[in-house]
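Student: Hi! I have a new model open and would like to walk through it with you. Can we start from one residue and work outwards?

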Amino acid sequence: MSESKGLQSWWQVHQRIGKGVQVPGWSFSVKFVIEAIGVKTGGGVEVTLNLLRQLAGYRNHRIVALVPDLPPYDEVAGYTDRAIRFPPNVSLIGRHGILSRAVPRICGEERADVLLCLGNFAPATAPCPAVVLLQNAWYLYDEPTAWHRLSLREKLIIAYGRRRLAARSGPAHVIVQTPVMKRRLAALRGGVDAGITVIPTAPPLPPPEQKPASAGSHEPFTFLCLSRYAAHKNFEILLDAAKILRTLPRRPFRCVLTTGPDQHPGARKLLRRIEREGLQELIVNRGPVPRGELAGIFAEADAHLLPTLLETAGLTYGEAMHFGLPILTSDRDFARERCQDAAVYFDPLDAESVAKAMARVMDDADLRARLVANGKRVLATCPAWDEITAQFVEVLERVATGKSVADRKSEAGAPFVHPGEPFRFRSY
């Protein structure tokens, strides 16, 4: 039996090819153009950089990366055959022009076999098949509370994205990060889930050497809200929750934010409101935290608090589990699926519900310990980035060669789906 026939799965082949081992019958080369021009902040940047780092090991394939001209992407040239950088600040019309004209032209010049778009959109036409990674949960969620906090630019982008995703024509394949996102995208497409693959993601996790000896050891008790400001993060509810919690006879507490006033008009409004209402001791804004200081800020916290209204993957949940913090978060489908029994859940639109959850975690040391232990178990089931990348490569190779792509992940034991009205969008 030849070596290629002896390999029992596509996965085994990828593991060997990715390590530079030539496998008879599988030594073909595919040229990937990876477009991340619109991926400029937050978890999307981490996903892009991790993927490109891992793809550098697939030496039988060629990689051309299209990225914004921003410092985090300085390292990309070392992972790719060619890196093309684009101005980071362009108008919506300019971005549409780049996607519809420049990207297809580059694909043609490079003779690309497949285009991977990491910024939610693909060109309407391209000289090769296109795969899209959907990283913006707004295209699949209906949240009127957060919608009214969005800028006009954000609303236009969301409207554009929803229309493109709902259309029958579009990318050859869509990759989503959770089964929840797959179900929601299928619902948007009239119940059709063909052409959608679930590939989970994971945050880059430094050693947890600086984590606190035990969550709950700080005075005041510190809730960490680790995130850039975004309308859907719903930090506004924390101000009302803090007012309720300070009236209760419990230990001192504070909520630490990591937002910057330049991140969004809503961030400036939030910070001004904290000062106007005299909540600076309860709601402390530390400002943006570089990744190199991540372990330190988790070491200063007793719990991770995230009142978000929508997410695709929620990378900070994994970070909190890694650093041994109990999690308090929204009672929504994405959070239930990601955190399972490693979190205390609350209604993110009800300040009293948030305050009660905070009080419960502050008061109950056994609960905190149980949540931390459950978090370690949940995190242990998450794939590593070499496994995640191998799944991306499998999808790209199959699309490039015209083969059908089937989601290989079992969805036995369907995750929690938040009860309520049937899924639909409203106009505001």
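Tutor: Happy to. Leaving out residues up to four places away in sequence, Asn374 touches Asp341 and Ala342. Keep in mind that this is a predicted model.

Student: Where does Asn374 sit?

Tutor: Asn374 is part of helix 14, which covers residues 365-380.

Student: And is Asn374 buried or exposed?

Tutor: Buried: the relative accessible area of Asn374 is 16%, and the cut-off for buried is under 20%.

Student: Let's move to the sheets. What is the strand order in the six-stranded one?

Tutor: The order is 10-9-8-11-12-13, in an open sheet with parallel pairing. Its edge strands are strand 10 (283-285) and strand 13 (343-346), and each of them pairs on one side only. On average, neighbouring strands in this sheet are turned by 30° against each other, ignoring direction.

Student: What packs on that sheet?

Tutor: Helix 13 does, touching strand 8, strand 9, strand 11 (303-306), strand 12 (327-330) and strand 13. The direction of helix 13 makes about 155° with that of strand 13.

Student: Tell me about strand 13, then. Which residues cover its two faces?

Tutor: Ala343 and Tyr345 are on one side, Val344 and Phe346 on the other, and all of them are buried. As a general point, side chains in a regular strand alternate between the two faces of the sheet.

Student: How many bridges join strand 12 to strand 13?

Tutor: Four, and the two strands run parallel. Thr329 stands opposite Tyr345 of strand 13. Tyr345 also has a charged residue over its face: Arg336, at 4.0 Å from the ring centre.

Student: Nice. How about strand 8 and strand 9?

Tutor: Strand 8 (residues 221-225) and strand 9 (residues 253-257) run parallel, joined by five bridges. Phe223 has Cys255 in strand 9 as its bridge partner.

Student: What else does Phe223 touch?

Tutor: Setting aside residues up to four places away in sequence, the contacts of Phe223 include Phe253, Arg254, Val256, Ala303, Leu305, Leu328, Met358 and Met362. Phe223 also has a place in the largest nonpolar core, which holds 103 residues: Phe223, Ile283 and Met358 touch the most other members. Helix 13 (residues 351-363) gives this core its largest share, eight residues.

Student: What is in the second core?

Tutor: That one is separate and has 34 residues, including Leu133, Ile175, Leu396 and Val399.

Student: Back to the end of strand 8. Where is Leu226?

Tutor: Leu226 is in the loop between strand 8 and helix 8 (236-245). Leu226 counts as buried, at 9% relative accessibility. Beyond its neighbours within four places in sequence, Leu226 is in contact with Thr258, Leu294, Phe298, His304, Thr316 and Glu319. The C-alpha atoms of Leu226 and Leu257 are separated by 6.3 Å, with the two residues 31 apart along the chain.

Student: Now the seven-stranded sheet. What order does it have?

Tutor: The order is 3-2-1-4-5-6-7, again an open sheet with parallel pairing. Strand 3 (82-86) and strand 7 (196-198) each have a single partner strand, so one side of each is left without a neighbour in the sheet. The twist averages 20° from one strand to the next.

Student: Which helices lie across it?

Tutor: One is helix 15 (residues 385-400), which lies across strand 1 (31-35), strand 4, strand 5, strand 6 and strand 7, at about 140° to strand 4. Another is helix 7 (residues 179-188), lying across strand 6 (173-176) and strand 7 and running at about 165° to strand 7.

Student: Last topic: how many aromatic pairs does a search of the whole structure find?

Tutor: Six. One of them is Phe121 with Tyr139, a tilted pair at 5.7 Å centre to centre and 45° between the planes. Phe121 is in the loop between strand 4 (114-117) and strand 5 (130-133), while Tyr139 is in the loop between strand 5 and helix 5 (144-147). Both are buried. Tyr141 and Phe334 make an edge-to-face pair, at 6.0 Å centre to centre and 80° between the planes. This pair links parts of the chain 193 residues apart.

Student: What sits over the ring of Tyr141?

Tutor: The charged end of Arg184, 3.7 Å from the ring centre.

Notes. Residues numbered from 1 in each chain as written. Predicted model: local features only at pLDDT ≥ 70, side-chain atom pairs only at ≥ 80, totals over all residues. Heavy atoms only, no water. Phe/Tyr/Trp six-rings, centres within 6.5 Å; stacked < 30°, edge-to-face > 60°. Buried < 20%, exposed > 50% of the residue type's maximum accessible area, 1.4 Å probe, protein only. Lys NZ or Arg CZ within 6 Å of the ring centre and 35° of its normal. Core = buried A, V, L, I, M, F, W, Y, C linked by side-chain atoms within 4.5 Å. Contact = heavy atoms within 4.5 Å. Pairing = 2+ DSSP bridges. Axes fitted to C-alpha atoms, helices over the stretch in contact; angles between N-to-C directions.
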